[in-house]
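Let's take a walk through this structure together. Have the sequence and the 3D view ready as you read.

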Amino acid sequence: MATPTAKDGSAQLPPVTNIQMVDLKAQYLAMQDEVDQAILDVVRSGAFINGPTVKQFQAGLEEFLGAQYVIPCANGTDALQIALMALGLKPGDEVIVPAFTYVASAEIIALLRLSPVMVDVDPRTFNIRAEDIEAVITPKTKAIIPVHMFGQSCDMEPIIALANKHSLHIVEDNAQSIGATYTFSDGQSVRTGAIGDIGCTSFYPSKNLGAYGDGGAINTNKEKLAEEIRKVANHGQNRRYYHDVVGCNSRLDSIQAAVLNCKLPRLEGYCDRRRMAADYYDANLQGLDGLLTPARQKNSTHVFHQYTLRIDGGRRDALQEHLKAAGIPSMIYYPVPLYDQEAFRGTAANDIDFLPVTDMLCKEVISLPMHSEFEEATLAYIVATVRNFF
Ligand SMILES: *Cc1c(COP(=O)(O)O)cnc(C)c1O
């Protein structure tokens, strides 16, 4: 794609209208016949719960992730909750989680009366780091939730080493990074979500693999854990009406599975197109004083769930206004550190009320429109508008 001509506000590109953060409609239109038929098939079959489309999706996702067992569920938050329930943690056990993440990653810890231990993240990758994790490990620490932020894997090798050393469970929050691959120092490449003990993901419509409603999945390579997860997600029963533990009810419905079956074979292509958009942003947003484009790690591919800039000098909100005036949506993921949220105030077991990187990121980050259906003119217009601001 060519470089846009507008660099300093002198050359004006014609405005592009109706720009979306995520263009789900265009994605649908590109496979309309197939999706319509798949949904209609479910409706006509009457197999709305646990139908064959769910089993097909489960098998497809197992293959995609390279995971032994996939247990579909109702949403990504449930996936995380069920994962922690299946590990048999006890009230007061400590679970390490980044302070810079979506609320769900920490919410389920508090909900289960476990103790969240919040740690800072890397200022360039937005991901949790082994050294910050190690500093907060106590005899009560039982699990780590690495959140693969915005489409890139956390640096898992040193995190796994720590978990082995201290006998900790790893539950990956892979809601934003399905499709990314992490490469170990021995050259082995593994999909995010299939690296730790349990992986959790979300099929919320705007996620890289989005359903047409809510959905989620849990995966593991451990047979015993898979059994436990299945049980917890199904009212704590293996056998109908015999309940071994208090569980919950969390299912992926057949219509969502039918949609996901259409989209899963296209996921690599979606991720490629997101990367192409990111490449374009990267190439055309260099050399602006006070704007940092997202860093790319050597040991992870990037699937760009979000394309997130850092804007320093307190100008982030002004840039957002500038974009808005030009008809360009943007989002702040995330504006408030978890330890500053009313719901979590005073809950962090490590008694944190300030982490410098998280605090800075909440003030500096802004995510530009990112999806798999861009026309070049749209990207050129967004880039030119950002450049005009500086
Ligand atoms: C979206 C998301 C979730 C939750 O997924 P839902 O399906 O909305 O419950 C959890 N963690 C992260 C990091 C997310 O982005």
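What follows is a short tour of the ligand site and then of some strand pairings.

## Who surrounds the ligand

Keep in mind that this is a predicted model. Which residues are found around the ligand? Going along the chain, you meet N75, G76, T77, Y102, A104 and S105, then V147, D173, A175 and Q176, and finally S202 and K207. Sorted by class, that shell has 6 polar residues, 4 nonpolar ones and 2 charged ones.

As for where the ligand sits, the space it takes is the second largest pocket. Two elements give two or more residues to the shell: helix 4, covering 76-86, and helix 5, covering 104-111.

## Polar contacts with the ligand

Now zoom in on the oxygen atoms of the ligand. One ligand oxygen is 2.5 Å from an N or O atom in the side chain of T77. For the side chain of Q176, the distance from an N or O atom to a ligand oxygen is 2.9 Å. With K207, an N or O atom of the side chain lies 3.1 Å from an oxygen of the ligand.

How much of the ligand's accessible area does the protein cover? On its own the ligand has 380 Å² of accessible area, and the protein covers 92% of that.

## Parallel strands

Next, look at strand 4, residues 141-144. Strand 2 (residues 94-98) runs parallel to strand 4, and 3 bridges join the two. To find one of these spots, pick V95: its bridge partner in strand 4 is A143.

Strand 4 also pairs with strand 5 (residues 169-173), again in the parallel sense, over 2 bridges. Here you can look for I144, whose bridge partner in strand 5 is I170.

## An antiparallel sheet

Further along the chain there is an open sheet of 3 strands, in the order 12-13-14, with antiparallel pairing. Why is one side of strand 12 and of strand 14 left without a neighbour in the sheet? Strand 12 (291-292) and strand 14 (365-368) stand at the edges and each has a single partner strand, so one side of each has no neighbour there.

Strand 12 and strand 13 (residues 307-311) run antiparallel and are joined by 2 bridges. A handy pair to spot is L291, which stands opposite I311 in strand 13.

Conventions. Residues are numbered from 1 along each chain as its sequence is written. This is a predicted model: local features need pLDDT of at least 70, side-chain atom pairs count only at pLDDT 80 or more; totals for chains, interfaces and linings use all residues. Side-chain values use heavy atoms; hydrogens and water are left out. A residue is near a molecule or strand if one of its heavy atoms lies within 4 Å of it. A polar contact is a pair of N or O atoms within 3.5 Å; within protein, one must be able to donate a hydrogen and the other to accept it, and residues adjacent in sequence count only if both atoms are side-chain atoms. Accessible areas come from the Shrake-Rupley method with a 1.4 Å probe; for residues, only the protein chains shown count as cover. On a 1 Å grid over the protein atoms alone, a cavity is a set of points where a 1.4 Å probe fits but cannot get out, and a pocket is an open set with protein on both sides within 12 Å along at least five of seven lines; lining residues have an atom within 4 Å of a point. A molecule sits in a cavity or pocket if more than half of its atoms lie within 2 Å of its grid points. Helices (H or I, at least four residues) and strands (E, at least two) are DSSP runs, numbered from the N terminus. Ala, Val, Leu, Ile, Met, Phe, Trp, Tyr, Cys and Pro count as nonpolar, Asp, Glu, Lys and Arg as charged, and the others, Gly among them, as polar. Two strands pair if DSSP finds at least two bridges between them.
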